[in-house]
Amino acid sequence: MLLTGYREEIFLPTCNNTFQSVHCIAHLDQDISGALPYLNAVLGGDTYIKEPPSVTFKLYGKLISVHGDKIAVNALRDEAEARHILEWLKEQINDAWGKRETITPKYDGKTIPDFLTIYRMLPKTNCKKCGQPTCMMFCSQATNGALGAADCPDITEENKIKLADYLSQFRFD
Ligand code: SF4
């Protein structure tokens, strides 16, 4: 077994603690960097960053980032759900590591943000305040990093945070 334990921190988002969801960070007892390309291969990560290694998944409506020394999960219903997902991830990490001889490691993820994922978070009013003629055009610009969550003045605070979190998983070189 690679990962034997972790220390969890569960908290409300500091920017707006009226949200109904909680965030969670697990500080890992072991360095699992070596398992990340195998975990990425098994679970199909949305993004994979080589240095320092990390893999990010969108699963069950949560954004899950797994690093060598920690795991971050957002948009959780409550502490019970946080613990359930962390235990599931621990199993997946150990399973992928245990089967690494039979898994082809994967060192990349989906390379650009998903258009519809961005669109769903926008107000969809085509108000043009971002300088784009439509919300669709905003999405096109956001998928290549030219615009971000802060560029839409009418987006809800909740979606602004979600969109910024989502886009932060990609590198626009
Ligand atoms: S400012 Fe926001 S709502 Fe208005 S067009 Fe741009 S993306 Fe759409």
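This dialogue explains how to read several local features of a predicted model.

Visitor: What should be known about the model before its features are read?

Guide: The model is predicted, so local features need pLDDT of at least 70 and side-chain atom pairs count only at pLDDT 80 or more, while totals for chains, interfaces and linings use all residues. Residues are numbered from 1 along each chain as its sequence is written, and side-chain values use heavy atoms, with hydrogens and water left out.

Visitor: How many aromatic pairs are there?

Guide: Rings of Phe, Tyr and Trp (its six-membered ring) pair if their centres lie within 6.5 Å; planes under 30 degrees apart count as stacked, over 60 as edge-to-face and the rest as tilted. By this rule there are two aromatic pairs. In one, the ring centres of Tyr 38 and Trp 97 are 6.4 Å apart and the planes stand at 75 degrees, so the pair is edge-to-face. Tyr 38 belongs to helix α1 (residues 36–43) and Trp 97 to helix α2, so the pair ties together parts that are 59 residues apart in sequence. Helices (H or I, at least four residues) and strands (E, at least two) are DSSP runs, numbered from the N terminus.

Visitor: Is Tyr 38 buried or exposed?

Guide: Buried means under 20% relative accessible area, exposed over 50%, and partly exposed in between (1.4 Å probe, protein chains only). Tyr 38 has a relative accessible area of 16%, so Tyr 38 is buried. Trp 97, with 24%, is partly exposed.

Visitor: What is the geometry of the pair formed by Tyr 48 and Tyr 107?

Guide: The ring centres of Tyr 48 and Tyr 107 are 6.1 Å apart and the planes are at 90 degrees, so this pair is edge-to-face. Tyr 48 lies in strand β3, whereas Tyr 107 lies in the loop between α2 and α3.

Visitor: Over which ring does the charged end of Arg 100 sit?

Guide: A charge sits over a ring if NZ of Lys or CZ of Arg is within 6 Å of the ring centre and within 35 degrees of the ring normal. The charged end of Arg 100 sits over the ring of Trp 97, 3.9 Å from its centre.

Visitor: Which side chain of opposite charge is nearest to Lys 90?

Guide: Lys and Arg count as positive and Asp and Glu as negative; His and the chain ends are not counted. A salt bridge is a side-chain nitrogen of Lys or Arg within 4 Å of a carboxyl oxygen of Asp or Glu. The nearest side chain of opposite charge is Glu 87, 4.4 Å away, and Lys 90 is buried yet has no salt bridge. Lys 90 lies in helix α2 (residues 79–98).
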